[in-house]
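Colleague: I am new to this one, and I would like to understand how its labels are earned. Could you show it to me and let me ask as we go?

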Amino acid sequence: MGITEPGGDSIEGIAVVPPGLEAPAAEELIALGCRAVAPLRRAVRFRSDLAGYYRLHLQARLPFRLLRQLASFPCHGRDDLYDGVQRAVDWATWLPPSASFRVDVSGTAPGLNHSHYSALQVKNALVDLQRQQWGQRSSIDLEAPDISLHLHLGGGLASLSVDGSGSSLHRRGYRAAVGLAPLKENLAAGLIALTGWDGRRPLADPLCGSGTLLIEAVRMALGRAPGLGPEGARSFALERWPDAQSALWQQEVRAASALARSCLADQQPLAPVLGLEQDPAVLAQAQANAEAAGVAPWIRLSGGDCRDFIPPEQPGVLVCNPPYGERLGHSDALEGLYGDLGRMLKERCSGWDLWLLSGNPELTGALKMKASRRIPISNGGIDCRWLHYAIR
Ligand SMILES: C[S@@+](CC[C@H](N)C(=O)[O-])C[C@H]1O[C@@H](n2cnc3c(N)ncnc32)[C@H](O)[C@@H]1O
């Protein structure tokens, strides 16, 4: 594959997404202009042009990574992998010896059952080629490589890709401070997308921790692109690729910046957004994060117990990720909390929709409420459900 032309769907990509968010992630990619979008397991396949690929890095909220496939070739063992990697792309362009790289691997093929070993095969293929061509080789850099390669093995095929961001896209840069068991930012954005909240009804998280759900919700409602920080676009690996088009990148950065508003798209004000947290240190982290994310003016954070939550008059959407015993607290002590939460909601939040992330079905039973939707979600490897309750 040679250098990319800006027009045409020259990029075949894979968005790596949190398990359970494949469907909303596919919708997001379509909304951002991708074509041939197909949800897979923990991933979404798409095609786009270079401008679209740039746009995804600036505006897509759900992916961890946006991989761009360099080559796909039959792979039935070690030798196929070694030869296929050497022939995959014009490495003189993509990986001169002055550039560092790293390789990550998923999947297996015959004789390639260990990702570490498969990664070594890829590395050997590349540095052997470089030594033949230049008498020098690239160094490996696991922390900040110039080129981050991903190999996926499966179904008799190897797919070799480059990672456009270099580090996981869930790190938006606003969260210096994390409370106990925080949600990753892209997972929080995906959970909010599943609620359908559009900024017109109040939103509240009565156990808000470091505020991730509320911050992502407000950033989404006010068009704040995840790839932009207070100082402009974050740095992405794709800006240093051989086919980088800086004018096109700047055009996408300007377009993403222009989306930021202080109200909804139709000029209506954002509905009230409220957070409650019992731990003063964690509450201070939430406030610091909201400020760093540029959304503090729209989020009212207060200290207190969720049992004392007083909802605004207009019914809205409650979101929360209470402790569920895996990482925080013990199930016995938590049953009381869930029981009290259920009572408070039924007494005071009639007409609201509740979305609760649960990693423990016994605890959610203590709510004594019947969920109308149960969406399987993996939160850092813990099998969870994003549960919807219509409180009536
Ligand atoms: C799993 S964490 C929430 C993480 C949050 N979603 C984030 O991304 O940072 C649960 C939070 O509930 C808070 N909490 C526990 N019991 C509470 C209560 N009774 N009232 C209010 N907050 C409570 C804990 O201090 C903790 O910060």
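**How the labels are earned**

Modeller: Happily! Let us begin with Trp249, which sits in helix α8 (residues 246–257). Keep in mind that this is a predicted model.

Colleague: What makes Trp249 partly exposed?

Modeller: Trp249 has 19 other C-beta atoms within 10 Å. A residue is buried if that count is 20 or more and exposed if it is 12 or fewer, so with 19 Trp249 is partly exposed.

Colleague: Which residues is Trp249 in contact with, leaving aside its neighbours within four places in sequence?

Modeller: Those are Tyr54, Glu239 and Ala244. As for His388, it is 139 residues from Trp249 along the chain, and their C-alpha atoms are separated by 39 Å.

Colleague: Let us try another. Why is Gln278 called partly exposed?

Modeller: Gln278 has 15 other C-beta atoms within 10 Å. Buried needs 20 or more and exposed needs 12 or fewer, so 15 puts Gln278 in between, as partly exposed. You will find Gln278 in the loop between β11 and α9. Beyond its neighbours within four places in sequence, Gln278 is in contact with Gly304 and Asp305. Gly77, by contrast, is 55 Å from Gln278, C-alpha to C-alpha, and 201 residues away in sequence.

Colleague: Now α9 itself. How do you know that the span of α9 agrees with what is expected of it?

Modeller: Helix α9 covers residues 280–292, which is 13 residues. The expected span is 1.5 Å times one less than the number of residues, so α9 should span 18 Å. Its end C-alpha atoms are 18 Å apart, which agrees.

Colleague: How do you know that the buried residues of α9 line one face of the helix?

Modeller: Seen down the axis of α9, the buried residues fall within an arc of 155 degrees, so they line one face. These residues are Val282, Leu283, Gln285, Ala286, Asn289 and Ala290. They pack against α7, β11 and β12 (300–303). On the other side of α9, Pro280 and Ala281 are exposed. Just after the helix comes Gly294, with a positive phi of about 75 degrees.

Colleague: You mentioned α7. What makes α7 largely enclosed by the rest of the structure?

Modeller: Nine of the 10 residues of α7 are buried, so the helix is largely enclosed. Among them are Thr212, Leu213, Glu216, Arg219 and Ala221. What covers the buried residues of α7 includes α6 (185–195), β8 (203–205), β11, α9 and β13 (317–320). Gly223 follows α7, and its phi is positive, near 65 degrees.

Colleague: Which elements each supply at least two residues of the shell around the ligand?

Modeller: They are α7 (212–221) and β11 (273–277). There are 22 residues around the ligand, and Pro182, Leu207, Gly209, Ser210 and Thr212 come nearest. By class, the shell has 13 nonpolar, six polar and three charged residues.

Colleague: Let us look at exposed residues next. Why is Ala36 counted as exposed?

Modeller: Ala36 has 11 C-beta neighbours inside 10 Å. The cut-off for exposed is 12 or fewer, so Ala36 counts as exposed. Its place is in strand β2 (residues 35–39).

Colleague: And what makes Lys368 exposed?

Modeller: Lys368 has 12 other C-beta atoms within 10 Å. Exposed means 12 or fewer, so Lys368 is exposed too. Lys368 lies in the loop between α11 (361–365) and β15 (373–379).

Colleague: What is the phi of each of these two residues?

Modeller: Phi of Ala36 is near 50 degrees, and phi of Lys368 is near 60 degrees. Both values are positive, in residues other than glycine. Most residues other than glycine have a negative phi.

Colleague: To finish, where are the domains, and how far apart are their C-alpha centres?

Modeller: The domain assignment gives domain 1 (11–163) and domain 2 (185–224 + 261–390). Their C-alpha centres lie 35 Å apart. In all, 10 residues of domain 1 are in contact with 11 residues of domain 2. On the side of domain 1 that touches domain 2, the residues divide into eight nonpolar, one polar and one charged.

Notes: Residues are numbered from 1 along each chain as its sequence is written. This is a predicted model: local features need pLDDT of at least 70, side-chain atom pairs count only at pLDDT 80 or more; totals for chains, interfaces and linings use all residues. A residue is near a molecule or strand if its C-beta atom, placed from the backbone, lies within 6 Å of it. Helices (H or I, at least four residues) and strands (E, at least two) are DSSP runs, numbered from the N terminus. Ala, Val, Leu, Ile, Met, Phe, Trp, Tyr, Cys and Pro count as nonpolar, Asp, Glu, Lys and Arg as charged, and the others, Gly among them, as polar. The arc is that of the directions from the helix axis to the C-beta atoms. Two residues are in contact if their C-beta atoms, placed from the backbone, lie within 7 Å. Domain bounds come from an automatic or database domain assignment.
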